[in-house]
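This report describes how the helices and strands of one protein chain are arranged. Please look at the sequence and the structure before reading on.

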Amino acid sequence: MGNPTQLDRYKSLMDFLDKKFKEDITIKDIEDVSYYSYRNINRIFLALHHETIGKYIKRIKLEKAAQYLKYSDTTISDIAFNVGYSDIAAFSKAFKNQFNCSPSQFRETQELRYKIVQKVSSPPKGDQSPSLSFEIEELPSLDILYLTYHGAFDDIKAIKQTWEQLVDYALKKNILDNDTICLAEVLDDNEITDSVHCRYNAGIVVEMPLKFEVEGLFRSKTIAPQKYAKFLHKGSHEDSLLTYDYIYSNWIVDIQLELADKPTLEFFLNDEDDTPSNELLTEIYIPVK
């Protein structure tokens with residue numbers, strides 16, 4: 001999609017959906033935000049996402065509900081209300097169509113999985129200890145320029161290509177130097193979201209307002225202040241998946257902190273171009289209340 005007007009309107013729509021997907025979004029809302037007829041913006045959206053706007057909204061509502069079921073003890077009726085369903089029966093039917101089980105069965109399955117994984121899991125490779133240490137840290141607001149990757153989180157090659165596109169763009173705009181902070185937002189849970197639809201934002205911290213109009217599929221936004229549990233992963237980016245497995249199968253079930261409904265952040269402390277993979281350091285920030 002090379003038309004700048006189409007891109008700008010599409011990005012405005014995505015910003016709106018990211019913030020409002022739990023609410024009752026109407027066709028008029030979408031047309032007002034995109035300045036297109038619903039039919040036309042839906043065609044653009046379908047070409048980029050391989051699903052309609054309506055299916056996208058419904059899917060992310062239900063995936064958010066699945067995250068609540070997995071990581072909280074909130075009642076099913078409250079979860080349904082939180083993601084925009086006023087009718088618990090309609091929610092349960094939609095959830096079953098999406099995940100092939102009822103909300104209560106999904107929660108029971110997750111609880112059973114935790115118990116099994118705790119018994120058989122071992123610490124991640126490298127220098128990590130069995131009791132993975134963490135610190136509680138509150139990050140200030142962060143302004144970022146970013147590019148979204150859609151796909152499997154274990155497709156490291158494709159994620160690296162997304163980073164290369166972002167770095168090339170930042171270099172052209174003269175906003176990249178040795179002090180630039182690189183971070184990633186992990187928006188989805190790959191055990192809930194189909195790998196085709198998993199989202200990962202490759203981003204750099206910038207000063208707002210930017211001195212140029214953000215072009216193409218690049219976007220900018222502000223990450224609000226948030227409290228996190230901070231972990232340090234040492235090793236390759238591929239091995240970070242093992243650290244995540246250990247965090248979510250052991251640490252999450254043992255602590256008294258409640259997860260916050262925000263993306264996980266990753267900060268990259270050194271560069272893989274001049275650092276051996278086993279010496280790479282990544283700070284993993286899990287949002288908590």
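## Helix packing around H1

In this predicted model, helix H1 (residues 4-20) packs against helix H4 (residues 53-71) at an angle of about 30°, and their axes are 11 Å apart. Because angles under 35 degrees count as roughly parallel, H1 is roughly parallel to H4. The two helices cross in the right-handed sense. On the H1 side, the contact is made by Leu 13, Met 14, Leu 17 and Asp 18, and on the H4 side by Ile 53, Tyr 56 and Ile 57. Sorted by class, the contact of H1 with H4 has six nonpolar residues, no polar residues and one charged residue.

Helix H1 also packs against helix H3 (residues 38-49), with an angle of about 80° and axes 11 Å apart. Here H1 is roughly perpendicular to H3, because angles from 65 to 115 degrees fall in that class. From H1, the residues in contact are Gln 6, Tyr 10, Leu 13, Met 14 and Leu 17; from H3, they are Ile 41, Ile 44, Phe 45, Leu 48 and His 49. This contact of H1 with H3 has eight nonpolar, two polar and no charged residues.

A further partner of H1 is helix H2 (residues 27-34): the axes come within 8 Å and cross at roughly 135°. That angle makes H1 oblique to H2. H1 passes H2 in a right-handed crossing. The contact is made by Arg 9, Ser 12, Leu 13 and Phe 16 of H1, together with Asp 29, Ile 30, Val 33 and Ser 34 of H2. By class, the contact of H1 with H2 has four nonpolar, two polar and two charged residues.

Leu 13 of H1 appears in the contact with H4, in the contact with H3 and in the contact with H2.

## The sheet

Strands of a sheet pair through backbone hydrogen bonds, either parallel or antiparallel. In what order do the strands of the open sheet lie? The open sheet has eight strands in the order E1-E6-E8-E7-E3-E4-E2-E5, with antiparallel pairing. E1 and E5 are the edge strands, each pairing on one side only. From one strand to the next, the twist averages 35°.

Some of the pairings are listed here.

| Strand | Partner strand | Sense | Bridges |
|---|---|---|---|
| E2 (residues 142-150) | E5 (residues 219-223) | antiparallel | five |
| E2 | E4 (residues 199-205) | antiparallel | seven |
| E1 (residues 135-139) | E6 (residues 226-234) | antiparallel | five |
| E6 | E8 (residues 281-287) | antiparallel | seven |

Individual residues show how these strands line up. Around E2, Leu 145 stands opposite Ser 220 in E5, while Ile 144 stands opposite Val 205 in E4. At the other edge of the sheet, Glu 135 stands opposite Lys 230 in E6. Lys 230 also has a bridge partner in E8, namely Tyr 285. Ile 136 has its bridge partner in E6 too, and that partner is Ala 229.

Helix H8 (residues 156-172) packs on this sheet and touches E2, strand E3 (182-186), E4 and strand E7 (264-268). The direction of H8 makes about 135° with that of E2.

## Aromatic pairs

A pair of aromatic rings is described by the distance of the centres and the angle of the planes. The count for this model is 13 aromatic pairs. One of them joins Trp 163 and Phe 268, with 5.6 Å from centre to centre and 85° between the planes, an edge-to-face arrangement. Trp 163 is in helix H8 and Phe 268 is in strand E7; the two residues are 105 residues apart, and the pair links distant parts of the chain. H8 and E7 also appear together in the packing described above, where H8 touches E7.

## Backbone details in two loops

Where does Pro 209 lie? Pro 209 is in the loop between E4 and E5. The peptide bond that leads from Met 208 to Pro 209 is cis, with omega near -5°.

The second case is Asn 100, in the loop between helix H6 (88-99) and helix H7 (103-120). Phi of Asn 100 is near 60°, which is a positive value in a residue other than glycine.

Technical notes: Residues are numbered from 1 along each chain as its sequence is written. This is a predicted model: local features need pLDDT of at least 70, side-chain atom pairs count only at pLDDT 80 or more; totals for chains, interfaces and linings use all residues. Side-chain values use heavy atoms; hydrogens and water are left out. Axes are lines fitted to C-alpha atoms, for helices over the stretch in contact, and angles run from 0 to 180 degrees between N-to-C directions. Helices (H or I, at least four residues) and strands (E, at least two) are DSSP runs, numbered from the N terminus. Angles under 35 degrees count as roughly parallel, over 145 as roughly antiparallel, 65 to 115 as roughly perpendicular and the rest as oblique. A crossing is left-handed if the near helix is turned anticlockwise from the far one by less than a right angle, and right-handed if clockwise. Contact means heavy atoms within 4.5 Å. Ala, Val, Leu, Ile, Met, Phe, Trp, Tyr, Cys and Pro count as nonpolar, Asp, Glu, Lys and Arg as charged, and the others, Gly among them, as polar. Two strands pair if DSSP finds at least two bridges between them. Rings of Phe, Tyr and Trp (its six-membered ring) pair if their centres lie within 6.5 Å; planes under 30 degrees apart count as stacked, over 60 as edge-to-face and the rest as tilted.
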